[in-house]
Amino acid sequence: MFVAQKLLLVAAACGLAFAASAQTAAPAATTWPDKPVTIVVPFPAGGSTDMVARAMALHMGDKLGQNFVVDNRPGATGTLGAGMVKRAPADGYTLLVSSLGAFVVAPHLLKSVPYDALKDFDYITVPVQAPNVLVAAPGQKARTVKEVIAQLKANPGKVSFASSGNGSSDHLSAEVFWQQTGTEGLHIPYKGGAPAINDLLGGQVEFSFQNVNAVLQHIRAGKLHAIAVTGDKRSPVLPDVPTLAEAGVTGAEVYSWQGMAAPKGLPPALKKKLADAAIAAINDPAVKKRMLDQGLEIVGSTPEAFTAYQAREFARWKTVIETRKITAD
């Protein structure tokens, strides 16, 4: 009898302890955010990722009644800022908004990365994506993919393609394009998209796969010639420009994208609240219009969809980087 009573008391105590822990854990979602939230952007201010992060921060702050502050921490191809977020508490007060580089490319390019992209983050949403567009410098006569391929085959390894840096989506687009067409170009990496575009406009380099939003104004002004986009469908802002697949090059679909993540281990209720707020922010009519006008496409994926997408992209770019022997140098 005594033993039975003792077991009941232990069970009751465990039940009370569990209830108490549940009560202490629950407010994390119901009260979040009750202090400012930091969104780390692992690149300098002024770029596409920074723009997306700031637009979302403003909307999320207005809706949730708390400041969302963007903190630019550039360095080491985005891995410096990503590593900072990985080491932060999983409490919803430190977030990461990065391009695909930190999530699926840099881990295969750099010898040492301060995080495991498959294990160290809770993936929240991909707010936007954009195809790249194959553009020709003003003096180039090529106007079709067929003509670009002919030029590459006539001058193997000599036709120059500018990129914003080794392992950038514009560089990877070129590598996949050469792979799928059996050609080889001359990769000219720059330290960022702006200097690459400047030299392209000046005719110092011949072609480039640039983010649509980065060169849209130059295409519309007639300064750069748009030849094809890397998406699986035509870009709404370039409806007359075919996809690579339409032009006969299959398997070369590439999107540049931004993603929001948090340190691994967010409580499920908090993760849902954060994701709901982030998805609502990118779908806000004013935010959405601003993105679409610049050539970005709204995604607003769920945490589950983003997690699966990150794993697929991680595996894809690992294969491309190894096959093409791409390095960070």
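Helices here are DSSP runs of H or I with at least four residues, strands are E runs of at least two, and both are numbered from the N terminus. With that in hand, proline 33 is easy to place: it sits in the loop between helix 2 (27-31) and strand 1 (37-41). Keep in mind that what you're looking at is a predicted model.

**The chain as a whole**

Let's start with the big picture. The chain has 12 helices and 10 strands. Its C-alpha atoms fill a box of roughly 95 × 40 × 35 Å along the principal axes. Of the 329 residues in the chain, 50% are buried. If you take the contacts with a separation of 6 or more, 78% of them link residues 24 or more positions apart.

**Some unusual backbone spots**

Most residues other than glycine have a negative phi, and most peptide bonds are trans. A few places in this chain go the other way. Back at proline 33, the peptide bond that joins it to tryptophan 32 is cis, with omega at about 0 degrees.

Then there's the loop between strand 2 (68-72) and helix 4 (79-87), home to alanine 76. Threonine 77 lies in the loop between strand 2 and helix 4 too. Alanine 76 isn't a glycine, yet its phi is positive, about 55 degrees. Threonine 77, also not a glycine, has a positive phi of about 55 degrees.

How buried or exposed are the residues picked out in this report? Here are the values for four of them:

| Residue | Relative accessible area | Class |
|---|---|---|
| Alanine 76 | 48% | partly exposed |
| Threonine 77 | 43% | partly exposed |
| Threonine 79 | 3% | buried |
| Asparagine 213 | 16% | buried |

The cut-off for buried is under 20% relative accessible area, so asparagine 213, at 16%, makes the list.

**Two buried polar residues**

Threonine 79 belongs to helix 4. Its side chain reaches back to the loop, coming to 2.6 Å from the backbone oxygen of alanine 76. Setting aside neighbours within four places in sequence, threonine 79 touches Ala106, Leu110, Val113, Pro114 and Tyr115.

Asparagine 213 is part of helix 9 (residues 212-220). Which side chain does asparagine 213 pair with in a polar contact? That's serine 48, at 2.8 Å. Leave out the neighbours within four places in sequence, and the contacts of asparagine 213 are Ser48, Ala130, Gln294 and Leu296.

**Helix 7 against helix 12**

Two packed helices are described by the angle between their axes and the distance between the axes. At what angle do helix 7 and helix 12 pack? Helix 7 (residues 169-181) and helix 12 (residues 303-323) meet at about 70 degrees, and their axes are 11 Å apart. Angles of 65 to 115 degrees count as roughly perpendicular, so that's the label for helix 7 relative to helix 12. The crossing of these two helices is left-handed.

Who makes the contact? On the helix 7 side you'll find Leu172, Val176 and Gln179, while helix 12 brings in Arg316, Trp317, Val320, Ile321 and Thr323. Sorted by type, the residues of this contact come out as five nonpolar, two polar and one charged.

Terms used: Residues are numbered from 1 along each chain as its sequence is written. This is a predicted model: local features need pLDDT of at least 70, side-chain atom pairs count only at pLDDT 80 or more; totals for chains, interfaces and linings use all residues. Side-chain values use heavy atoms; hydrogens and water are left out. Axes are lines fitted to C-alpha atoms, for helices over the stretch in contact, and angles run from 0 to 180 degrees between N-to-C directions. Angles under 35 degrees count as roughly parallel, over 145 as roughly antiparallel, 65 to 115 as roughly perpendicular and the rest as oblique. A crossing is left-handed if the near helix is turned anticlockwise from the far one by less than a right angle, and right-handed if clockwise. Contact means heavy atoms within 4.5 Å. Ala, Val, Leu, Ile, Met, Phe, Trp, Tyr, Cys and Pro count as nonpolar, Asp, Glu, Lys and Arg as charged, and the others, Gly among them, as polar. Buried means under 20% relative accessible area, exposed over 50%, partly exposed in between (1.4 Å probe, protein chains only). A polar contact is a pair of N or O atoms within 3.5 Å; within protein, one must be able to donate a hydrogen and the other to accept it, and residues adjacent in sequence count only if both atoms are side-chain atoms.
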